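Hi,

Here is the structure I promised to pass on. Have a look at it first, then read my notes underneath.

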Amino acid sequence: MSSSPSMRISPPQEGEAKTNEELYQQFTNLVSSWPCSPALSNYQLYRHDNGWHSSLAPMVGTMVADACFAARPSDIIVATLPKSGTTWIKALLYSTVHRREHPADSCGHPFNIHGPHECIKFLDYQLYTQNRIPDLDELPDPRLFATHVPFVSLPRSVVASGCKIVYVCRDPKDTLISHWNFANKFRVRDGLEPLSVETAADYFCDGVSPFGPYWDHVLGYWRAHSANPEQVLFFRYEEMSRDPAEHVRRLAKFVGCPFSVEEEEVCAVDAIVKLCSFEHMTGLEATKGGKTELTFGVVENSSFFRRGQVGDWENHLSPETARKIDAISEAKFRGSGLSV
Ligand code: A3P
């Protein structure tokens, strides 16, 4: 679906000063007028005019970021669908980029105190929220940010700046199961009935999932990667699980800090893989006791870790539902070069 510029609100021009509150309110009014539907989570999902779904606050944050965020060519943006390995790729990217000042095997590594979501913040869930226009100018290069929005809705300055984008895609069935578990936690917290996996799968297949439809999101970044592999890196969670070290090497090379022979000799790659492994991260105090503030509330860092396995969907989805999802993937990805 193409972008419809008429629905975008331009950033304030000179002499047309808007307060932060006015800017946020303007977008809030716009989004509130769009169609919305109940969803798997404990909130409604609005349909963006580019054709994707999100709850109100991150959608408004996306629009404010589009109006105000000035990307630099040296920025690195992590882009993912929720529950597809965001926490993991953030950890890998942060520890790779900052390995000189924070060696992965040092006992004082920042991950002991801060979770990956505090080290690399979301533009839409953490920075452009609560009427804030954050001052990001003072941050040293390379600045690391994250987003869940589809490629078509990235802040315009991100694409124009030519900065690096790191995308991770995960099997739709595992993404669904991970999200179903995550969302039900919040439903129960808010006194709502947990949803059955069949209901969750129906929403997912209809495209009513955060930043969904899943398939459009993946295809958007896949096509951007195919057109410009120097700007968009495309990883798959399943392949990262099979060979994390190779992915760390590719990541480092992509962002312009490849591992040297000396670093390979002292097993610096393996140290990063181990630091960011599911087993190590789940044992850290920052995971066990830490919290992250997102637009939808304060979230315990431990909730970003569940099983961390490939193929857990087999324990939850009926063969019929799995076949239905596979059939959609096959139809949507046909001819794109992407396989299920
Ligand atoms: P499961 O629910 O299948 O266990 P996100 O970070 O995008 O929210 O995705 C969360 C999913 O990634 C969860 O999947 C979580 O367990 C898994 N995950 C988190 N950290 C991980 C790590 N270091 N290695 C592998 N998987 C990880």
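Below is what turned up, starting with the ligand.

One thing to keep in mind: this is a predicted model.

**Ligand**

There are 18 residues around the ligand, and the ones that come nearest are Thr 86, Thr 87, Ser 178, Arg 307 and Gly 308. I also have some polar distances for you. A polar backbone atom of Arg 307 sits 2.6 Å from an oxygen atom of the ligand. The side chain of Lys 83 has an N or O atom 2.8 Å from a ligand oxygen. With Phe 278, the backbone is involved again: one of its polar atoms is 3.5 Å from a nitrogen atom of the ligand. As for how covered the ligand is, on its own it has 560 Å² of accessible area, and the protein covers 96% of that.

**Gln 126**

This residue belongs to helix 5, which spans residues 123-127. Gln 126 counts as buried because its relative accessibility is 8%, and the cut-off for buried is under 20%. Its side chain has polar partners on the backbone: the oxygen of His 117 is 2.9 Å away, and the nitrogen of Phe 122 lies 2.7 Å from a polar atom of that side chain. If you set aside neighbours within four places in sequence, Gln 126 is in contact with Lys 90, His 117, Ile 120, Lys 121, Arg 132, Thr 292, Glu 293 and Leu 294. So His 117 turns up both as a contact of Gln 126 and as the residue whose backbone oxygen the side chain reaches.

**Sheet**

Three strands make an open, antiparallel sheet, in the order 1-2-3. Strand 1 (36-37) and strand 3 (53-54) are the edges, each pairing on one side only. Strand 2, residues 45-47, is joined to strand 3 by two bridges. One bridge pair to look up is Arg 47 with His 53, the latter in strand 3.

**Cysteines**

How many disulfides does a search of the whole structure find? Zero. Cys 163, for one, is in no disulfide: the nearest cysteine sulfur belongs to Cys 257 and is 15 Å away, whereas a disulfide needs the two sulfurs within 2.5 Å. Cys 163 is also buried, at a relative accessible area of 0%. Cys 36, by contrast, counts as partly exposed, because its relative accessibility is 39%, and that falls between the 20% and 50% cut-offs.

Cheers

Key:
Residues are numbered from 1 along each chain as its sequence is written. This is a predicted model: local features need pLDDT of at least 70, side-chain atom pairs count only at pLDDT 80 or more; totals for chains, interfaces and linings use all residues. Side-chain values use heavy atoms; hydrogens and water are left out. Two strands pair if DSSP finds at least two bridges between them. Helices (H or I, at least four residues) and strands (E, at least two) are DSSP runs, numbered from the N terminus. Buried means under 20% relative accessible area, exposed over 50%, partly exposed in between (1.4 Å probe, protein chains only). A residue is near a molecule or strand if one of its heavy atoms lies within 4 Å of it. A polar contact is a pair of N or O atoms within 3.5 Å; within protein, one must be able to donate a hydrogen and the other to accept it, and residues adjacent in sequence count only if both atoms are side-chain atoms. Accessible areas come from the Shrake-Rupley method with a 1.4 Å probe; for residues, only the protein chains shown count as cover. Contact means heavy atoms within 4.5 Å.
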